[in-house]
Amino acid sequence: MSAGRPNTQWEKTLAETFVLGFVAIFALLFFGIVVVTIRFAHSTSKDEHQKELQKKKMDIIDKHFITLVRIECPYCRTLYSSNVPECPNCGALTKKILYPKILD
Ligand SMILES: [Zn+2]
């Protein structure tokens with residue numbers, strides 16, 4: 001009995017090692033898949049976030065551009081922002097007057 005005991009112990013250890021090895025391999029594989037999936041999801045969400053940010057940036061630039069652009073009134077030479085439909089000094093609808101003149 002004492003001669004067979006180390007052998008079974010060794011076999012048991014070997015079996016345990018194999019099982020542990022398999023479990024470790026599967027765990028590693030699973031972990032790898034999870035990491036890849038999370039990374040992929042994260043990168044796509046990051047892309048969407050970047051797109052959203054770019055859109056917001058463009059919106060801000062657009063708004064600032066509109067407020068930065070100055071229109072000169074052809075009647076009284078007053079400079080005012082393009083988001084105002086008419087000259088604040090004389091009330092002339094400069095936008096409607098300026099655009100056909102540019103096109104001609
Ligand atoms: Zn004016």
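This report walks through a predicted model of a protein, from its overall layout to its zinc site and a few residues worth a look.

**The overall layout**

Let's start with the big picture. The protein contains two helices and two strands, and if you follow the chain from the N terminus, the elements come in the order α-β-β-α. Helix 1 covers residues 4-68. After that come strand 1 (70-72), strand 2 (79-81) and helix 2 (94-103).

How much of the protein is buried? Of its 104 residues, 8% are buried. The accessible surface adds up to about 9500 Å², and carbon and sulfur atoms account for 67% of that. Now take the contacts between residues with a separation of 6 or more: 6% of them join residues that sit 24 or more positions apart.

**A nonpolar patch**

Next, have a look at the surface. Trp10, Leu14, Phe18, Phe22 and Phe26 make up a nonpolar patch there, and together they offer about 610 Å² of accessible area. One of them, phenylalanine 18, is part of helix 1. Phenylalanine 18 counts as exposed because its relative accessibility is 52%, and the cut-off for that label is over 50%.

**The zinc site**

Which residues hold the zinc ion? The SG atoms of Cys73, Cys76, Cys87 and Cys90 coordinate the ion, at 2.2 to 2.3 Å. The angles among the four donor atoms run from 104 to 115°, and the site is tetrahedral. As a yardstick, the ideal angle for four tetrahedral donors is 109.5 degrees. Along the sequence, the donors follow the spacing C-x2-C-x10-C-x2-C.

Cysteine 73 and cysteine 90 link distant parts of the chain, 17 residues apart. Cysteine 73 sits in the loop between strand 1 and strand 2, while cysteine 90 belongs to the loop between strand 2 and helix 2. Are these two buried or exposed? Cysteine 73 has a relative accessible area of 0%, so it is buried. Cysteine 90 comes out at 43%, which means it counts as partly exposed.

**A salt bridge and an unusual arginine**

The model has one salt bridge. Its partners are glutamate 72 and arginine 77, whose side chains meet at 2.9 Å, N to O. Why can such a pair form? Side chains of opposite charge can pair when their charged atoms come close. Glutamate 72 is partly exposed, because its relative accessibility is 37%. Arginine 77, at 56%, is exposed.

Arginine 77 has something else to show you. This residue lies in the loop between strand 1 and strand 2, and its phi is positive, about 65°, although it is not a glycine. Most residues other than glycine have a negative phi.

**A buried serine**

Finally, find serine 81 in strand 2. With a relative accessibility of 16%, serine 81 falls under the 20% cut-off, so it counts as buried. What does serine 81 touch? Leaving out residues up to four places away in sequence, its contacts are Ile66, Thr67, Val69 and Arg70.

Here are the residues with their accessibility values side by side.

| Residue | Relative accessibility | Label |
|---|---|---|
| Cysteine 73 | 0% | buried |
| Serine 81 | 16% | buried |
| Glutamate 72 | 37% | partly exposed |
| Cysteine 90 | 43% | partly exposed |
| Phenylalanine 18 | 52% | exposed |
| Arginine 77 | 56% | exposed |

Definitions and conventions:
Residues numbered from 1 in each chain as written. Predicted model: local features only at pLDDT ≥ 70, side-chain atom pairs only at ≥ 80, totals over all residues. Heavy atoms only, no water. Donors = N, O, S within 2.8 Å, 3.2 Å for Na, K, Ca; no water. Tetrahedral: all angles 85-135°; square planar, octahedral: opposite > 155°, others 65-115°. Helix = DSSP H or I, 4+ residues; strand = E, 2+ residues; numbered from the N terminus. Buried < 20%, exposed > 50% of the residue type's maximum accessible area, 1.4 Å probe, protein only. Salt bridge = Lys/Arg side-chain N within 4 Å of Asp/Glu carboxyl O. Contact = heavy atoms within 4.5 Å. Areas by Shrake-Rupley, 256 points an atom, 1.4 Å probe, with all protein chains shown as cover. Patch = residues over 30% accessible without salt bridge, like charges linked within 9 Å, V, L, I, M, F, W, Y side chains within 5 Å.
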